[in-house]
Amino acid sequence: MAHHIVTIAGSLRKESFSLKIANALARLAPTNLSLEVMTPAGISFFNQDLEAAPPADWLAFREKLQKSNGVLFVTPEYNRSIPGVLKNAIDVASRPYGKSSFLGKPVGIVSNSPGPLGGVSAAKHLQNILPGIAGPILQQPEIYLNGVGDAFDAAGNLVKDSLKTVLQQYLDAFAAHVAKNQG
Ligand SMILES: Cc1cc2nc3c(=O)[nH]c(=O)nc-3n(C[C@H](O)[C@H](O)[C@H](O)COP(=O)(O)O)c2cc1C
């Protein structure tokens, strides 16, 4: 059976490159991986005051992660870090203290930017945030996708062959990482 991967595109933008990359990854995934793409849309702001009676959207998000076999982040870079909406989703999933819904889940990080640096700072920030609340992060290959602005056609199809090759290589490594790290 295919391993089920919650794939979080860290942008709310309709024409988001991160979302298009996440969808391209879902289409390119090998048969032993099944990617469910989502965004942080609809996840309420984290507020410790709400923890005693968490909003339904928090509970649904946490349950989705708990049932998964792994998590793949596709993040843009906002001011050399991850977007606030993505950090909010991670904060929601990390609670209650000691019971993070990411615990034990193998993780992949794909950053991207239409600019030249590929969102590398955002990816590095995720590598700082996740170790205490998640399972093992795939270390190699690293993947910081630059120049993604011309990678898709008007219908959202991936048209840049070099990017397709890199995504396929990453998916193969991530599939092996997920298979190796099932609890
Ligand atoms: C608030 C803000 C900050 C940004 N900061 C960066 C940055 O630090 N590095 C970068 O490469 N691009 C930066 N950008 C440009 C984004 O890479 C670009 O808007 C990208 O399309 C956002 O991702 P998305 O297409 O998935 O929504 C920034 C954009 C916004 C709106």
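This is a dialogue about how the labels given to parts of a predicted model are justified.

Biologist: What makes up the fold, from the N terminus on?

Modeller: The protein has five helices and five strands. Their order is β-α-β-α-β-α-β-α-β-α.

Biologist: Why is the overall size said to agree with a compact globule?

Modeller: For 183 residues, the globule rule gives a radius of gyration near 16 Å, and the protein has 16 Å, so the two agree. The C-alpha atoms fill a box of roughly 50 × 35 × 30 Å along the principal axes. Buried residues account for 46% of the 183 residues. Of the contacts between residues at least 6 apart in sequence, 77% join residues at least 24 apart.

Biologist: Which residues of the largest nonpolar core touch the most other members?

Modeller: Ile21, Leu25, Leu33, Val110 and Leu167 do, in a core of 27 residues. Two or more residues each come from β1 (3-9), α1 (17-28), β2 (33-38), β3 (70-75) and α5 (161-180). The most are given by α5, with seven residues.

Biologist: What does Leu25 touch, not counting residues up to four places away in sequence?

Modeller: Leu25 touches Leu35, Leu72, Val74, Val110, Leu167 and Leu171. There is also a second, separate core of 25 residues, with Phe73, Leu86, Leu126 and Ile133 among them.

Biologist: Which residues of α3 are buried?

Modeller: In α3, residues 84-94, the buried ones are Leu86, Asn88, Ala89, Ile90, Val92, Ala93 and Ser94. They pack against β1, α2 (56-66), β3 and α4 (120-129).

Biologist: Why is Pro30 called partly exposed?

Modeller: Buried would require a relative accessible area under 20%, and exposed one over 50%. Pro30 has 21%, so it is partly exposed. Pro30 lies in the loop between α1 and β2.

Biologist: How far apart are Pro30 and Asp172 in sequence and in space?

Modeller: They are 142 residues apart in sequence and 7.2 Å apart in space, C-alpha to C-alpha. Asp172 is also in contact with Pro30, as are Leu171 and Ala175, leaving aside neighbours within four places in sequence.

Biologist: Why does Asn79 count as exposed and what is the class of Arg80?

Modeller: The cut-off for exposed is over 50%. Asn79 has 79% relative accessibility, so Asn79 counts as exposed. Arg80 has 49%, so Arg80 counts as partly exposed.

Biologist: What makes the backbone at these two residues worth a remark?

Modeller: Most residues other than glycine have a negative phi. Asn79 is not a glycine, yet its phi is positive, about 50 degrees. Arg80 is not a glycine either, and its phi is positive, about 65 degrees. Asn79 lies in the loop between β3 and α3, and the place of Arg80 is in the loop between β3 and α3 as well.

Biologist: Which residues does the cis peptide bond with omega of about 0 degrees join?

Modeller: That bond joins Arg95 and Pro96. Pro96 is in the loop between α3 and β4 (107-112). Another cis bond, with omega of about 5 degrees, joins Gln140 and Pro141. Pro141 is in the loop between α4 and β5 (144-145). Most peptide bonds are trans.

Biologist: How many cavities of 30 Å³ or more does a search of the whole structure find?

Modeller: The search finds one. The volume of the largest cavity is about 60 Å³. Its lining is made of Ile109, Ala123, Gln127, Ile137, Leu138, Gln139, Pro141, Glu142, Ile143, Tyr144 and Tyr170. Pro141, of the cis bond to Gln140, is thus one of the lining residues.

Biologist: What classes of residue does the lining of the largest cavity divide into?

Modeller: There are eight nonpolar, two polar and one charged. Tyr counts as nonpolar and Glu as charged, so Tyr144 and Tyr170 fall in the nonpolar class and Glu142 in the charged class.

Biologist: What lines the largest pocket?

Modeller: Ser11, Arg13, Ser16, Phe17, Ser18, Pro76, Glu77, Tyr78, Asn112, Ser113 and Pro114 line the largest pocket. About 160 Å³ of space lies in it. By class, its lining has four nonpolar, five polar and two charged residues. Arg and Glu count as charged, so Arg13 and Glu77 belong to that class.

Definitions and conventions
Residues numbered from 1 in each chain as written. Predicted model: local features only at pLDDT ≥ 70, side-chain atom pairs only at ≥ 80, totals over all residues. Heavy atoms only, no water. 1 Å grid on protein atoms, 1.4 Å probe; cavity = no way out; pocket = protein on both sides within 12 Å on 5 of 7 lines; lining within 4 Å. Points joined across faces, edges and corners; volume = space filled by probe spheres on them. Core = buried A, V, L, I, M, F, W, Y, C linked by side-chain atoms within 4.5 Å. Buried < 20%, exposed > 50% of the residue type's maximum accessible area, 1.4 Å probe, protein only. Helix = DSSP H or I, 4+ residues; strand = E, 2+ residues; numbered from the N terminus. Contact = heavy atoms within 4.5 Å. Rg over C-alpha atoms; globule rule 2.2 N^0.38 Å.
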